[in-house]
Amino acid sequence: KNHHDAVVEITGMPALLKGDSKADTLEVVLEDAIIGLEVHLFYTVFEEYNVLARSAVLVNQSQEELCLRSAYSASVDLPQGEYDVIHFPGSWGRERDQVRTHLTMGLKAELESARGGSSAQLNPFVMIASPDADEVHGEVYGFALVYSGNHSTVAKIDQFGYLRVQQGMNPHQFEWKLAPGEHFETPQCVICYSDAGFGQMSREYHDLIRNNLMRSAWAKKDRPVLINNWEGTYFGFTEEKLLAMADKAAEVGIDLFVLDDGWFGKRDDDRSGLGDWFVNKKKLPSGIDGLAAKMNEKGLKFGLWFEPEMVSPDSDLYRAHPDWAIHVEEREPALSRHQLVLDLSKPEVCEYVIQVVSDILANANVEYVKWDMNRQITDMPCNGYNHKYTLGYYKIMSIITERFPHILFEGCSSGGARFDLGVLAYMPQIWASDNSDAIARLKIQYSTSMCYPIASISSHVTASPNHQNGRLTSLKTRADVAYMGAFGYELDITKMTDEELQIVKEQIVLDKQLQELMRNGDFYRILSPYDTNYCSWEVVSKDKKKVFLFVCRVLNKAQTKESPVKLQGLDEDKVYRNTLTGQEYPGSMLMYKGIRPHFRWEDFATDIFVLESVE
Ligand code: GLA
């Protein structure tokens, strides 16, 4: 069947939207007459993208119950050839590292997460590339799953040299019973092809995700520059302290103040309180509404942290509903960060979460929400449970984000442990990592940009020495790295000197000038922090009139002369002026000879160029 001018809708899960695109969908129906199973395969193509979206619906047409043990979203046989697989494994604080492996016959690459969420350990995005492929050359296929639960990508070369790639939900602990007449829908897999390297593939994904995946109106709006109190105070704050931080924040031009963990229930550390989403009046005598009003009086918007999918055993919620925590009957569930996970497969639990969060958002002027999820899911009560949980999560997200469309939602999961297209469908930005060190962030942000748009990568300037690795970096370096993403600060601003505050003021002015470019522009990775002592990226506006170039030299070396950095994607007939220095350069020179960065004489030095074409 041909579905002209249509995309696929998947019940209870996000999928690509048609938006303003021209899209057609082909439905292929396969039948196994013996067991009575019908499989509907959906292939959606878009006129403007080299993208193929795949999903499947399995229907039980028999008179008996069928049990699904596996349901991949896509299975693709790529032509005979040599292939590398590139995947993005990691851990807390080291999300989305990059590993490239050459595939040989007989070797099966099984890339999966069974941790309950898309995970820091392996992102549900995988690239298959010709061995010669790099940023600007070679063939690449991206496979990205629109899903936030357990996932799997399998790549294997067959006896004739064809490469089969499959991506979808992880079959591990999966099982779904279909009564006669019932059906099962898989999540969507988005495959993208480039014959000009990783860069072109990333730019396609970025456009597609911004235009055809993100539901939030914020996807197309400048984001507020925010300050988050977490690394500034952790749990140790008072209303007075927050207001003192807010005064300084307002003074330097910050738009929004985010109150992180610790404002509710009994929550002075991470051992109690999750689930009790009622303001702690001892800490915050004015309540959330009062505090938001005070922030608003200072000219700041107000944002709030939640971790609604969790419950602490030491909480009123757990005492009232111990059975609401995920557990296996008669067994003690495993704690992680002293907390348990709420059973989102239960409609009444989803209702509670929706109600309790909505009550706060409806009664205080909250304009930003950080939606966190800080542990892996264990103790799954039955096979297939993780999918039920994921459907509950999407139900909650779709209802809350539709109910409060003016709120900017940011995803988070112990940093970037749930950075995937399922989350981005509802929340246009995600905290990329709890590792906020600018140098660690080079790799994290570089790899994350392979699939995900840069404005979705939340990135903050934090204190030096850095809290995760003790590294000392300049305030300039920290901001230069953070401009690439959804920009903000996360430190005790009351401790900054006047000189530092002046720098912060200037950084905020610059970030606001750059926002539109970062949100809509074409992204180029120029120098890789994986292969070189440098890292460089560049953003070019669609009309090629505005350009941002970032270069970092990781370690300083004696007796060196920096090589020029060659820009990409410019108009070679245009002349560009560096708005920071006034110097002018022909586009052709920037592209073919390059521009020489100037670094301070130190480790971890950065240089940025903000170029505009001269009429
Ligand atoms: C997680 C998040 C942090 C912070 C803490 C609060 O680790 O990633 O940004 O919100 O939780 O407990």
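**Backbone exceptions, ring pairs, an open sheet and internal spaces**

In the predicted model described here, H338 is partly exposed, its relative accessible area being 28%. This residue belongs to the loop between α5 (316-320) and β21 (340-341). The backbone at H338 is notable for its phi angle, which is near 60 degrees and therefore positive although the residue is not glycine.

A second residue other than glycine with a positive phi is S119, where the angle is near 85 degrees. S119 is located in the loop between β9 and β10. With a relative accessibility of 6%, S119 is classed as buried, whereas H338 is partly exposed at 28%. A further backbone feature is found at P465, which is joined to S464 by a cis peptide bond with omega near 0 degrees. P465 is placed in the loop between β25 (457-462) and α10 (475-482).

Aromatic contacts were examined next. The count of aromatic pairs comes to 27. One of these pairs is formed by F88 and F125, whose rings are stacked, with 5.5 Å from centre to centre and 20 degrees between the planes. F88 is part of the loop between β7 (84-87) and β8, while F125 is in strand β10 (residues 125-129), so the pair ties together parts of the chain that lie 37 residues apart in sequence. F88 and F125 are both buried.

The pair of W277 and W305 has another geometry: the ring centres are 6.2 Å apart and the planes stand at 50 degrees, so this pair is tilted. Distant parts of the chain are again linked, since W277 is found in the loop between β18 (256-259) and α4 (287-297) and W305 in strand β19 (residues 301-306), 28 residues apart. W277 is buried, with a relative accessible area of 2%, and W305 is likewise buried, with a value of 1%. Both tryptophans belong to a cluster in which ring pairs link W263, F264, W277, W305 and F306.

The strand arrangement was then considered. An open sheet is formed by 4 strands in the order β6-β13-β12-β9, with antiparallel pairing. The edges are held by β6 (72-78) and β9 (108-113); each has a single partner strand, so one side of each is left without a neighbour in the sheet. On average, neighbouring strands of this sheet are turned by 10 degrees against each other, direction ignored. In general, the strands of a sheet pair through backbone hydrogen bonds, in either a parallel or an antiparallel manner. Here, β9 is joined to strand β12 (residues 151-157) over 6 bridges in the antiparallel sense. Within this part of the sheet, E112 stands opposite S152 in β12.

Internal spaces were also identified. The search of the whole structure yields 6 cavities of 30 Å³ or more. The largest cavity encloses about 90 Å³. Its lining comprises 13 residues, and N150, N170, H172, N386 and H387 are the closest to its centre. Helix α7 (residues 385-403) makes the greatest contribution to this lining, with 3 residues. By class, the lining of the largest cavity holds 6 nonpolar and 7 polar residues, and no charged ones.

The second largest cavity contains about 70 Å³ of space. It is lined by R223, A455, Y483, G485, A486, F487, D511, Q515, M518 and R519. Two or more residues of this lining come from each of β26 (486-490) and α11 (498-520). Helix α11 gives the most, with 4 residues. The lining of the second largest cavity divides into 5 nonpolar, 2 polar and 3 charged residues, whereas the lining of the largest cavity has no charged residues.

Open spaces were treated separately from the enclosed ones. The largest pocket has a volume of about 350 Å³. Its lining is made up of 17 residues, with E135, F198, Y446, S528 and D531 nearest its centre. At least two residues of this lining are supplied by each of β8 (99-102) and β27 (522-527). The largest share, 3 residues, is provided by β27. The pocket lining consists of 9 nonpolar, 3 polar and 5 charged residues.

Terms used. Residues are numbered from 1 along each chain as its sequence is written. This is a predicted model: local features need pLDDT of at least 70, side-chain atom pairs count only at pLDDT 80 or more; totals for chains, interfaces and linings use all residues. Side-chain values use heavy atoms; hydrogens and water are left out. On a 1 Å grid over the protein atoms alone, a cavity is a set of points where a 1.4 Å probe fits but cannot get out, and a pocket is an open set with protein on both sides within 12 Å along at least five of seven lines; lining residues have an atom within 4 Å of a point. Grid points are joined across faces, edges and corners, and a volume is the space filled by probe spheres set on the points. Ala, Val, Leu, Ile, Met, Phe, Trp, Tyr, Cys and Pro count as nonpolar, Asp, Glu, Lys and Arg as charged, and the others, Gly among them, as polar. Two strands pair if DSSP finds at least two bridges between them. Axes are lines fitted to C-alpha atoms, for helices over the stretch in contact, and angles run from 0 to 180 degrees between N-to-C directions. Rings of Phe, Tyr and Trp (its six-membered ring) pair if their centres lie within 6.5 Å; planes under 30 degrees apart count as stacked, over 60 as edge-to-face and the rest as tilted. Buried means under 20% relative accessible area, exposed over 50%, partly exposed in between (1.4 Å probe, protein chains only).
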